[in-house]
Amino acid sequence: MSEPTTSDATPGPAPAPAPAPDPAVIALREEIGRILGDAATPDPAPGLPAWRVDAAGVPDAARRLRAAGFDYLLFLTAVDRPAEAKFEMTYLITRYDDGRQLALLADLPREGAEIDTVCGVWCGADWHERETFDMFGIVFRGHPFLRRILLDEDWPGHPLRKDYVDTLHDVVKRPY
Amino acid sequence: MELTPAAEHPHRRTTDAAPIYEDYFVNMGPQHPSTHGVLRLILKLEGETVLGLTPVLGYVHRGVEKMGEAMTVLQFTHLTDRLDYLSAHMNNWGWALAVEQALGIEVPARAEHIRVIMSELTRISSHQLWWGVLGMDLGAFTPFLYGFRDRELINDIFEKTCGARLTMNYIRPGGVTADVEEDFAKDVRAFIDYFTPVIDEYETLVGGNIIFQERTKGIGVLGADLARSLGCTGPTLRASGVSYDVRRNRPYGIYPKLAFDVPVQSGGDSWARYLVRIAEMRESLKIIRQALDTMPEGPVRTKLPPIVKVPPGRWLGRVEAARGEIAFFLVGDGTEKPWRLKVRSPNFSNLAALPEIIKGCRVADVVAVLSTLDVVIPCIDR
């Protein structure tokens with residue numbers, strides 16, 4: 001990018017926008033609150049509307065959302081947060097009719113992370129859970145075939161963990 | 001299902017946990033002309049009939065998501081082209097949407113129009129390539145030449161404006177790299193005038209061929225419920241009777257202002273997928289014409305701050321690429337690098353349908369069904 005660093009014409013936009021009180025988001029928040037009940041707490045982070053549930057309550061929440069018309073699992077993945085010693089399971093759930101979207105979050109401990117599968121709710125979760133197992137080492141209980149999907153069976157470690165050290169390639173860490 | 005330990009498994013990395021030794025296993029790929037890339041399929045056969053199929057992924061896994069964590073959000077734009085290289089503009093756009101949401105920036109109207117025109121040209125060129133390769137997969141060489149002949153015109157338009165023909169890297173957060181060439185509108189209109197009758201020719205040449213119809217009708221039927229449950233998108237989903245298109249169901253850019261139809265077929269077979277893609281090319285031409293007519297003058301890029309920092313939070317950019325919905329999930333932590341980013345590949349979910357719909361077909365049909373699912377392997381493996 002060749003952005004001029006000294007610009008006097010138009011100043012750059014404010015990097016942190018104020019969360020706009022979008023009526024569609026408020027309606028979604030009410031609807032999801034009804035569907036998930038007390039089991040879920042809204043997550044305050046800006047951006048995507050997100051709800052946090054107990055790891056044990058994920059299949060139940062998934063079934064309720066699916067029954068309420070959220071029939072499209074966009075993907076599921078994890079976010080490694082070593083500072084809080086947890087994996088944040090993230091299920092991106094949306095709909096085939098109006099495309100309304102939400103993230104379902106569940107915290108897992110970084111050591112021996114295990115969670116129940118949602119393959120029974122959306123068939124498409126199968127490969128996504130295998131990928132999350134591959135990249136993070138999270139075990140999905142009840143998964144029909146939990147194997148690595150992108151990497152080799154004998155690959156050491158799980159690359160998307162923040163503490164992953166690449167032992168196969170000669171990685172040069174540069175200061176920039 | 002009983003799990004077999006990996007070391008004892010006769011075919012490592014298969015999803016078939018209980019192999020029957022009397023059955024015949026055939027490896028298709030990873031180097032096979034009709035797999036459109038480095039994809040390995042393990043076929044379980046009885047004679048010519050496919051009893052089961054297991055895709056083996058990861059031959060071109062590059063760790064794009066891990067690489068993204070070491071790059072700034074603007075640098076990562078360059079890698080999005082290399083996912084589904086036939087939808088390069090749409091991939092750029094999806095990532096740009098995620099970053100623009102995170103930074104809360106608006107895109108100038110002219111840039112929005114250019115984005116739509118470029119994306120729809122990409123969709124047409126992707127479908128042209130698919131159409132040509134579909135013909136070749138089924139034993140007809142002529143469509144391949146026709147498809148590439150017409151694709152060249154779009155590549156020339158891209159080359160003039162973007163300087164590249166494959167990984168254009170043109171749409172980026174805040175707008176587009178630079179304004180279009182002065183001949184752009186003239187070239188695109190010339191292409192529309194040329195290509196509109198050519199689609200009829202395509203339909204006569206391949207779709208009107210009785211051998212082609214016999215090879216695709218009723219083959220590889222994907223039901224609507226299964227397609228929804230698997231998270232299929234794009235023409236693959238729309239051929240199964242589900243009318244879902246991100247451009248209409250969750251509009252972005254200037255798509256709400258444009259009049260276009262979303263072609264839907266109810267058959268769910270290879271023939272239906274063929275019809276949907278042919279119809280989509282016509283719709284794309286319609287969209288391009290409207291966007292050209294209403295394209296305003298003005299700037300093409302919003303000025304970004306010198307250092308782009310992603311505020312903490314989660315953002316999702318969703319666009320309709322040529323093969324379905326591609327989404328970029330961005331988790332920020334206040335630095336200029338993403339804390340985590342995830343690419344939701346349409347091909348990954350579409351390919352998951354293959355093992356289900358191929359059972360009972362013949363070996364030769366595997367090629368036809370794979371070709372009408374139209375997967376691009378680098379997007380699956382990331």
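The exchange below concerns chain B of a predicted model.

Student: What makes chain B as compact as a globular protein of its length?
Tutor: The globule rule gives 21 Å for 382 residues, and the radius of gyration of chain B is 21 Å, so chain B is as compact as a globular protein of that length. The C-alpha trace spans about 70 × 50 × 35 Å along its principal axes. Its secondary structure comes to 15 helices and ten strands.

Student: How much of chain B is buried, and what share of its contacts joins residues 24 or more positions apart?
Tutor: Buried residues make up 52% of the 382 residues; a residue falls in that class if 20 or more other C-beta atoms lie within 10 Å of its own. Of the contacts with a separation of 6 or more, 71% are between residues 24 or more positions apart.

Student: Why is Asp183(B) called exposed?
Tutor: The cut-off for exposed is 12 or fewer other C-beta atoms within 10 Å. Asp183(B) has 12, so Asp183(B) is exposed. Asp183(B) sits in the loop between strand 7 (175-176) and helix 6 (184-207) of chain B. Its C-alpha atom is separated by 8.8 Å from that of Lys160(B), 23 residues apart along the chain.

Student: What makes strand 1 and strand 5 of chain B edge strands in the open sheet?
Tutor: The sheet has three strands in the order 1-4-5, with antiparallel pairing. Strand 1 (24-28) and strand 5 (49-56) each have a single partner strand, so one side of each is left without a neighbour in the sheet. From one strand to the next the twist averages 25 degrees.

Student: How do you know that strand 4 and strand 5 of chain B pair?
Tutor: Two strands pair if there are at least two bridges between them. Seven bridges join strand 4 (residues 40-46) to strand 5, so the condition is met. Within this antiparallel pair, Leu41(B) stands opposite Pro55(B) of strand 5.

Student: Which helix packs on that sheet?
Tutor: Helix 14 (residues 363-373) of chain B does, touching strand 1, strand 4 and strand 5. The direction of helix 14 makes about 145 degrees with that of strand 4.

Student: How many residues of chain B are in contact with chain A?
Tutor: 49 residues of chain B are in contact with 44 residues of chain A. Strand 8 of chain B gives the largest share of the chain B side, four residues. By class, that side has 24 nonpolar, twelve polar and 13 charged residues.

Methods: Residues numbered from 1 in each chain as written. Chains lettered and ligands numbered in written order. Predicted model: local features only at pLDDT ≥ 70, side-chain atom pairs only at ≥ 80, totals over all residues. Helix = DSSP H or I, 4+ residues; strand = E, 2+ residues; numbered from the N terminus. Rg over C-alpha atoms; globule rule 2.2 N^0.38 Å. Contact = placed C-beta atoms within 7 Å. Nonpolar A, V, L, I, M, F, W, Y, C, P; charged D, E, K, R; others polar. Axes fitted to C-alpha atoms, helices over the stretch in contact; angles between N-to-C directions.
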